Amino acid sequence: MSSMIHFVANHDDLSTDKGFQFKFYCDKCRNGHMSRFLPNKIGIAGELMRAAGSLFGGHFYDAGTAAYHVQRAIGGKAHDDALETAVQEGKTYFKQCTRCGHWVCPDVCWNHTAGLCEDCAPNEHEELAAQQRQAAREQIQTKTREHNYTQDLDFLGQAKVEQCPNCQARLQPGQKFCPECGTASAAAAPKEKFCGDCGASVQPSQKFCAGCGAKQ
């Protein structure tokens, strides 16, 4: 069995009393290969008959002997031979990296140019793209933290915080002009007027209503 020791580091034994089957996994991405099902042709009928005879042949204390025969039907040389066959089959679906010794799937985890697994010899284009995305993610996080998203929030529940419409400087309640650039604030904007006769909107400089002609 020495030929398969390293290869079967990641595998599942799916064997039953009916036959043998194994699933091998890529050491990097865990993609798997299922071996062909091999019926247990060596001794299974005799072993199971002896197991049944031990279990039902007369004495309940023979149950341990029955379990032993069932185990022999599943294990033993037939099992070892089936595993060896599955290993040889499985090796054709994986490549072994001579640098780290891992068995990996050729489609996803093998660098064909370097002849090594992608853990030992990453694909240059994939690695560059991955590092660029990682750098972009880190830069976005940095830029996000540098921006003050709470500067305009009134955490004390006082008067509404206002900003200069020109330079976005913070204005104190009631300030009519920005102390930074002199731009008129909303408090300095003239109040909208309406005609007392017809209710039409009237500009502060108008002397007569444009809707009805009433003097303002």
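Here is a short series of questions and answers about this predicted protein model.

User: Welcome me in: what kind of model is this, and how many helices and strands are there in the protein?

Analyst: This is a predicted model in which local features need pLDDT of at least 70 and side-chain atom pairs count only at pLDDT 80 or more, while totals for chains, interfaces and linings use all residues. Residues are numbered from 1 along each chain as its sequence is written, and side-chain values use heavy atoms, with hydrogens and water left out. Helices (H or I, at least four residues) and strands (E, at least two) are DSSP runs, numbered from the N terminus. On that basis the protein has four helices and 13 strands.

User: What percentage of the 216 residues is buried?

Analyst: Buried means under 20% relative accessible area, exposed means over 50%, and partly exposed lies in between (1.4 Å probe, protein chains only). The areas come from the Shrake-Rupley method with a 1.4 Å probe, and for residues only the protein chains shown count as cover. The protein exposes about 15000 Å², with carbon and sulfur atoms supplying 53% of it. Of the 216 residues, the buried part is 24%.

User: Which helix supplies the largest share of the largest nonpolar core?

Analyst: A nonpolar core is a set of buried Ala, Val, Leu, Ile, Met, Phe, Trp, Tyr and Cys residues joined through side-chain atoms within 4.5 Å. The largest one has 21 residues, and Phe 22 and Phe 24 have the most contacts inside it. Strand S3 (22-25), H3, strand S7 (103-104) and strand S9 (116-117) each supply at least two of its residues. The largest share, five residues, comes from H3.

User: How far apart are the end C-alpha atoms of H3?

Analyst: The expected span of a helix is 1.5 Å times one less than its number of residues. H3 has 16 residues and so should span 22 Å. Its end C-alpha atoms agree with that, being apart by 23 Å.

User: Which residue forms a salt bridge with Asp 81?

Analyst: A salt bridge is a side-chain nitrogen of Lys or Arg within 4 Å of a carboxyl oxygen of Asp or Glu. Asp 81 is partly exposed at 34% relative accessibility, and its partner is exposed at 61%. The two both lie in helix H3, four residues apart, about one turn of the helix. With the closest N and O atoms 2.7 Å apart, the partner of Asp 81 is Lys 77.

User: Where is the Arg 36 that pairs with Glu 89?

Analyst: Side chains of opposite charge can pair when their charged atoms come close. The side chains of Glu 89 and Arg 36 meet in a salt bridge at 3.2 Å, N to O, and Glu 89 counts as buried at 15% relative accessibility. Glu 89 is in helix H3 (residues 76-91), and the pair links distant parts of the chain, 53 residues apart. Arg 36 is in the loop between strand S4 (32-34) and strand S5 (38-39).

User: Is Cys 26 buried or exposed, and how far is Cys 26 from Phe 94 in space?

Analyst: Cys 26 sits in the loop between S3 and S4 and is buried, with a relative accessible area of 0%. Contact means heavy atoms within 4.5 Å, and beyond its neighbours within four places in sequence, Cys 26 is in contact with residues including Trp 103, Cys 105 and Cys 109. Phe 94 is another of these contacts. Cys 26 and Phe 94 are 68 residues apart in sequence, while their C-alpha atoms are apart by 7.4 Å.

User: Which residue has its backbone nitrogen 3.1 Å from a polar atom of the Asn 111 side chain?

Analyst: Asn 111 lies in strand S8 (residues 110-111) and is buried, with a relative accessible area of 7%. A polar contact is a pair of N or O atoms within 3.5 Å; within protein, one must be able to donate a hydrogen and the other to accept it, and residues adjacent in sequence count only if both atoms are side-chain atoms. The backbone nitrogen at 3.1 Å belongs to Thr 113.

User: What is the phi of Gln 168?

Analyst: Gln 168 is found in the loop between strand S10 (162-163) and strand S11 (170-171). Gln 168 counts as partly exposed at 46% relative accessibility. Although Gln 168 is not a glycine, its phi is positive, at about 65°.
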